[in-house]
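Visitor: I would like a close look at one part of this model, the open sheet, and then at how the parts around it are arranged. Please take it step by step.

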Amino acid sequence: MKITNVEIGEYRQFKNISFDFTYPEGHPKAGQPLDKVCFIGQSGTGKTTLLNIIWDFFQVVDSSFQRLANRTVPEDDEPYETFRSVEINCLHSSKSISLNRTIYDTVDDWSGLKSSLAKSGYTWLNNTKIYEDLRTSTQFGKLGLYIDEAAVSASKNLFEERELGKRELVKIKDAAVVSDHNQITSSIIGLSQYASEVLWSSLLGDIDIYDESLKQFAAKLVGENSFSADRLVARISQWQKEHPNPRADIAEKCLNKILTHFHLEVDTAGTESRIVLANQQGKHIKGNYLSTGTKQLIATSLPIYKTNLSEGVVLFDEPERSLFPDIQRELIKYYTGLAPEAQFFFATHSPIIAAAFEPCERFILYFDENGEVKCRNGVAPIGDDPNDVLRKDFWMNPLMHEEGVEAYRRYLALTTKIRNEADEDKKNELILERLELGNRYNFAGQHAPY
């Protein structure tokens with residue numbers, strides 16, 4: 001399910017504004033939903049609000065499926081109220097769905113939710129079997145994933161060293177004891193929505209099951225009368241060949257490609273915690289010694305990779321948080337590569353992040369002269385110098401601080417003085433001053449700061 005457009009009447013800081021999330025005419029993907037979207041703008045222009053609007057949409061869809069199945073009354077109608085003023089459209093398996101602004105006012109009989117929503121405009125535009133088709137579709141998977149500032153706190157329990165028996169196993173293909181309260185059955189996941197243990201028990205339950213199965217197999221061998229150290233090693237080695245370690249898949253296809261920038265890798269043989277990291281010398285690095293940026297990368301990468309988002313949406317607020325510029329440059333390609341069929345929405349303040357998007361994928365929010373929020377698309381080409389992105393799309397002029405701008409003005413003034421100075425000695429002094437100033441700020445090799 002991918003978002004194609006959002007129409008907002010009057011909602012929070014927005015008033016009569018429209019967002020078209022499809023590729024424009026002339027683009028090779030013209031008319032298709034954007035693969036990725038970047039929201040740029042000053043604080044208060046509504047970047048996070050837009051992410052929340054889309055998140056409310058998925059909460060409505062998800063809770064509707066739950067209530068249709070259970071015939072229950074909604075506990076929280078706040079997500080529904082969003083659509084008093086908002087109309088949102090999306091595509092799922094090439095079929096259109098529209099949730100319009102009349103839904104909240106017209107749905108008053110929750111036991112008849114299906115028919116009420118259908119009458120309200122929340123319908124397949126070309127298929128009347130909306131709910132059955134969506135809820136029972138084997139291709140449906142997860143609707144959406146929301147990643148915000150809770151990413152670091154979500155890493156709790158991920159690196160925690162403890163007895164395996166204290167981990168609560170979840171049901172993975174009927175291979176383990178069911179722990180219902182730790183199994184995420186919702187089609188949407190917010191990192192701040194679930195307790196850390198619930199999140200990782202559900203997403204990484206295959207690791208828990210692998211570790212527990214290996215432990216039980218080893219214990220059984222030890223209990224046999226014919227036990228010997230050599231036989232134990234040989235039998236365990238054979239068992240491991242027959243039972244692929246899920247950590248190996250995570251290491252190869254998810255984490256190691258980004259951890260290499262930190263000179264770290266996943267130790268696939270480590271079992272003292274769900275994810276065990278080692279440096280290039282093979283020494284284990286405990287989670288409490290990892291940087292904030294490293295923990296955030298791991299805690300955000302794993303949900304994207306482990307969640308079934310073949311036609312889902314990832315909402316990501318400020319992916320650049322706590323990360324050095326060289327990592328920021330790799331982020332968008334890395335994250336989107338973890339779920340190549342998903343649609344991504346990023347809100348950012350980083351020109352390095354923004355440079356990874358096509359102009360039509362950038363949505364720049366700004367205040368007009370009346371203080372109302374407006375939106376325009378980007379101008380700078382994808383992959384452009386972040387300084388050019390700052391000038392063209394962030395409208396940052398000047399780029400330099402006041403001291404740098406004043407130095408540039410002095411640099412220009414010296415050029416005029418040199419041209420008009422008749423005394424050769426004084427002229428040479430001015431030339432040396434200008435050269436020193438230009439070298440210090442690299443004025444000769446960069447754009448003017450204003």
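Guide: What follows begins with the sheet and then turns to a hairpin, a helix, the cores and two unusual backbone angles.

The model is a predicted one, and the description below should be read with that in mind. The open sheet is built from seven strands, which follow one another in the order E8-E7-E12-E13-E3-E14-E15, and the pairing within it is mixed. Its edges are strand E8 (188-190) and strand E15 (373-377), each of which pairs on one side only. From one strand to the next, the twist averages 15°. Within this order, strand E12 (residues 313-317) and strand E13 (residues 343-348) are joined in the parallel sense over five bridges, and Val313 has Gln343 in E13 as its bridge partner. Helix H11 (residues 292-306) packs on the sheet, where it touches strand E7 (144-147), E12 and E13, and the direction of H11 makes about 175° with that of E7.

Some residues of H11 also bear on the nonpolar interior. The largest nonpolar core has 56 residues, and those that touch the most other members are Leu204, Leu255, Ile275, Leu277, Leu302, Ile304 and Tyr335; of these, Leu302 and Ile304 fall within the residue range of H11. Leu204 can be followed further: leaving aside residues up to four places away in sequence, Leu204 touches Leu158, Ile250, Arg274, Ile275, Leu302 and Lys306. Apart from this core lies another, of 37 residues, with Ile17, Leu51, Ala347 and Val373 among them.

The hairpin at the start of the chain offers a second view of strand pairing. Strand E1 (residues 2-11) has eight of its 10 residues buried, and E1 is therefore largely enclosed by the rest of the structure. Over six bridges E1 pairs with strand E2 (residues 14-20) in the antiparallel sense, and in this pairing Val6 stands opposite Phe19 of E2. The two strands form a hairpin with two residues between them. Arg12, which lies in the loop between E1 and E2, has a positive phi of about 55° although it is not a glycine. The side of the description that concerns exposure is clear for Arg12 as well, since its relative accessible area of 57% places it among exposed residues.

A comparable backbone angle recurs at Trp395, which likewise is not a glycine and has a positive phi of about 55°. Trp395 is found in the loop between helix H14 (386-392) and helix H15 (402-420), and with 49% relative accessibility it counts as partly exposed.

Helix H9 (residues 229-242), finally, shows how burial can be distributed around a helix. H9 has 14 residues and reaches 20 Å from its first C-alpha to its last, close to the 20 Å expected at 1.5 Å a residue. Leu232, Ile236 and Trp239 are the buried residues of H9; seen down the helix axis they fall within an arc of 60°, so they line one face of H9. An α-helix has 3.6 residues a turn, so residues three or four places apart point the same way. What covers the buried residues of H9 includes helix H8 (205-223), whereas on the other side of H9 the residues Asp230, Val233, Lys241 and Glu242 are exposed.

Definitions and conventions
Residues are numbered from 1 along each chain as its sequence is written. This is a predicted model: local features need pLDDT of at least 70, side-chain atom pairs count only at pLDDT 80 or more; totals for chains, interfaces and linings use all residues. Side-chain values use heavy atoms; hydrogens and water are left out. A nonpolar core is a set of buried Ala, Val, Leu, Ile, Met, Phe, Trp, Tyr and Cys residues joined through side-chain atoms within 4.5 Å. Buried means under 20% relative accessible area, exposed over 50%, partly exposed in between (1.4 Å probe, protein chains only). Contact means heavy atoms within 4.5 Å. Helices (H or I, at least four residues) and strands (E, at least two) are DSSP runs, numbered from the N terminus. Two strands pair if DSSP finds at least two bridges between them. The expected span of a helix is 1.5 Å times one less than its number of residues. The arc is that of the directions from the helix axis to the C-beta atoms. Axes are lines fitted to C-alpha atoms, for helices over the stretch in contact, and angles run from 0 to 180 degrees between N-to-C directions.
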